[in-house]
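Here are a few notes to read alongside the model on your screen. Take them one at a time, and turn the structure as you go.

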Amino acid sequence: MSTSHGYYIPHKATWPVMVTAGLFCMLAGFASYLNGSSSGATFMLVGFAIFIIMVAGWFTLQASESESGTYNTQVGISFRMGMMWFIFSEVMFFAVFFGTLWYTRNLSVPWLGGEGTGAATKALLWPDYETAWPTNGPAHLGGKIVDGKTSGEFEPMGAFGLPLLNTLLLLSSGVTCTWAHHGLLAKNRDQLIKGLIATVTLGFLFVLCQATEYHEAYTDMGLTLGSGIYGSTFFMLTGFHGFHVCVGAIILSVVLFRSWKGHFKPENHFAFEAAAWYWHFVDVVWLGLFIFVYIM
Amino acid sequence: MSAVVAEHDEHHEHEHDDHDHGPAKGWLRWIITTNHKDIGTLYLWFALVMFFVGGVMALIIRAELFQPGLSFVEPQFFNSMTTMHALVMIFGGVMPAFVGLANWMIPMMIGAPDMALPRMNNMSFWMLVAGIVLLSSTLFMEGGAPAAGWTMYPPLVLQTGAALPFAIFSVHLLGISSIMGAINIIATIFNMRAPGMTLMRMPMFVWTWVITAFLLIAVMPVFAGAVTMLLTDKFFETSFFDAAGGGDPVLYQHIFWFFGHPEVYILILPTFGLASTIIPVFARKPLFGYSSMVYATAAIAFLSFIVWAHHMFTVGMPLAGELYFMYSTMIIAIPTAVKVFNWTATMWKGAMTFETPMLFSISFVVLFTMGGFTGLMMAIAPSDLQYHDTYFIVAHFHYVLVPSAIFMIMAGGYYWLPKWTGNMYNEKIGQLHFWLSAISVNILFFPQHFLGLAGMPRRIPDYAVQFTDWNMISSIGGFIFGFSQLLFLYIVVDTIRGGTGVKATNEVWDGALQYGGGGTQGLEWTLPSPPPYHTFTEPPVIVPTEYQH
């Protein structure tokens, strides 16, 4: 339905409830899998497949509605507000893990080592533990495998190998993304497509580098999720970020595909803008990671 | 003015109803609807059902505590009941009830055709259902439902059986649902207001909801992050909350309450909004201090982010932390007092009548104030060492949730039922429901103050014999309160099926049109009762109050 002043109100949506069903099936399956159920993984994958297909269907519908000129400026503003506040919620999600890193590094690990009010803590729990960062805790959890057992020894991840390269990759992908946007605004389709190809390529290269880094951490450095609080915060922060890079790159690939098909006009390209905002958000989070996880 | 708007709107509707703009046929209507009124109805029914499910859990708790000793249930199951009662009431009852009211009323209050993102609106509701189904399924699992309290503190919660990952994923789904709902409300309020509906003319219910929506977007991801770390600690070898690996279980409490304290204001701010909407109508006076209400709401929301550790005064924080959280918490009393003062001043010398919505609202002002004062007592860190984890806490937060949030949801229900259904409800039974509820809720919770001060801990199935008398009285009050709520169910069903037979007018309540808005008319009262499936497809022209006479 379109109201008399043109606000588009869709009717009878079947995609949202199907997306929900897919997500429900996926999470219920994952939970069963974690509990050791043999069918859990199957449910999870089926749910994931349903989820992906339904999201694809929903977005295809949105794209065709957008291209056919169904949405007016006011609808566009609603979409932009939606995306903006969604990104804000993501910021808060990452804030939890950054906060965790800050709290453990600056408060709880020093307390374990007897600083501040932690004198009794140290004396009663682990009198031998000295405050340090990176640390895998007083029990020296995880670490390199020696004779089939964990040794408690691990190497922290340095900042100036792959991580620095990744910083460059992601920062330049932000530039190419903006270049593509300029192309779109100038009705230069060639520049739009080239810019997007560059952005997506840089994004996937980033993921590849990170996979290499993880592989190295697990096989050579004894750095795993189980390596105490350093391993936990390292993999949780970089892992969730990497996941967001993947999602962002997939979104940008869809935008690229749509650009190929001739979608988007200088005055109507919400999907491009949303993808670009998301990409820049992922970029900024990485800078935070590079500084607080890798360098400091 | 108003009548013209309404007629015009209706006329417009009829023109368009010939095409596919009505609801879908049959039960499918409720599955695939994108209509804000349909979705509001779904939310409200869902909340009502969950209110009774959570209520049965509460009655199991009160039955067990009627006398000392283990009488009815196993201690493990008792703990599951305290945990699930809280989760069901908060995430299944109160929050969905407010989202339901927001869906129904906000577009009509600001003169919008619908919510800004109707498809996502549908998805928020079904995500809520999915989350609650996932949570409820744990009741039937090996090891039982989660029993470590709704706060899910590690390391205790990590001993949960098969239920743990299900509970965690249910929190994720509920979080997604709430965030999507909140984004939708923000986009609606900022983008869909009719011309002339400036921010400072919005009804207070709209104001409190937009602020609540910001709180939701800011803190639901925080809760999701916290439970994700529980999941990885349990299943993926991380040590966020394990001191042996350099983590800290107290960190969980900090993160949880960074979510948890704004969360309790998510439950209370829309409550304030309802009171500020209803009290002026039945006092036949404009809301006293409208702008101060807006600023007080914003101030409370801001403060909610910087007071969290008052929930954990006994955990062993540095003294500076205790002091900071004590003082910052006490500051909240100031904007809250502004609100209570304004409600009272609104009633002062008003031509008051006492229909059911007003009765619930007045008892809200009184009983909420009491719950607020016990909150101040607990904010004093040295005193809180005595109150912490006792029934005093239970009494406090039930006073600010049951005779406050729940009472105002009921008041909102009575206030708008005639608008929603077109029928008047049975005022006699409504008043009976009110008096039974208002008296029994005090029999139920007031003695818990004494129990707490005398040292009875919370979350235990058995207790020392000296606590028997007050527990018996509390349980009796609990059962009277619980069964009284069936009257509300009866009234809702009865009103939908015709009620007293008296058809509701557009305005329903004398004075609703004039005083039921903020700085303008109460727009929902310009519409027919019940309003057509689509309203304000043509935005109404807003005339500010100062130009109306």
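The points below look at two helix pairs and then at three single residues.

1. A word before you start: this is a predicted model. Please keep that in mind while reading every value here.

2. Begin with chain A. Two packed helices are described by the angle between their axes and the distance between the axes. For helix 1 of chain A and helix 2 (residues 40-67) of chain A, the angle is about 160° and the axes lie 7 Å apart. Angles over 145 degrees count as roughly antiparallel, so helix 1 of chain A is roughly antiparallel to helix 2 of chain A. Their crossing is left-handed. In the contact between helix 1 of chain A and helix 2 of chain A, 19 residues are nonpolar, six are polar and none is charged.

3. Now try a pair in chain B. Helix 3 (residues 36-64) of chain B packs against helix 4 (residues 75-110) of chain B at about 155°, with 7 Å between the axes. Helix 3 of chain B and helix 4 of chain B are therefore roughly antiparallel. Here, too, the crossing is left-handed. The contact of helix 3 of chain B with helix 4 of chain B holds 25 nonpolar residues, 11 polar ones and two charged ones.

4. Next, find A:Thr20, which sits in helix 1 (residues 15-34) of chain A. Is A:Thr20 buried or exposed? Its relative accessibility is 4%, so A:Thr20 counts as buried. Beyond the residues up to four places away in sequence, A:Thr20 touches B:Met123, B:Trp126, B:Met127 and B:Ala130. The side chain of A:Thr20 also comes to 2.8 Å from the backbone oxygen of A:Pro16.

5. Move on to B:Leu487, in helix 16 (residues 468-496) of chain B. Which residues does B:Leu487 touch, not counting residues up to four places away in sequence? They are B:Ile429, B:Leu432, B:His433 and B:Leu436. You can also look for B:Gly430: B:Leu487 and B:Gly430 are 57 residues apart along the chain, yet their C-alpha atoms are separated by 7.8 Å.

6. Finally, look at B:Leu486, which is also placed in helix 16 of chain B. B:Leu486 has a relative accessible area of 42%, so this residue is partly exposed. From B:Leu486 to B:Ala226 there are 260 residues in sequence, and the C-alpha atoms of B:Leu486 and B:Ala226 are 37 Å apart in space.

Methods: Residues numbered from 1 in each chain as written. Chains lettered and ligands numbered in written order. Predicted model: local features only at pLDDT ≥ 70, side-chain atom pairs only at ≥ 80, totals over all residues. Heavy atoms only, no water. Axes fitted to C-alpha atoms, helices over the stretch in contact; angles between N-to-C directions. Helix = DSSP H or I, 4+ residues; strand = E, 2+ residues; numbered from the N terminus. Parallel < 35°, antiparallel > 145°, perpendicular 65-115°, else oblique. Left-handed = near helix turned anticlockwise from the far one by under 90°. Nonpolar A, V, L, I, M, F, W, Y, C, P; charged D, E, K, R; others polar. Buried < 20%, exposed > 50% of the residue type's maximum accessible area, 1.4 Å probe, protein only. Polar contact = N/O pair within 3.5 Å; in protein donor to acceptor, adjacent residues only side chain to side chain. Contact = heavy atoms within 4.5 Å.
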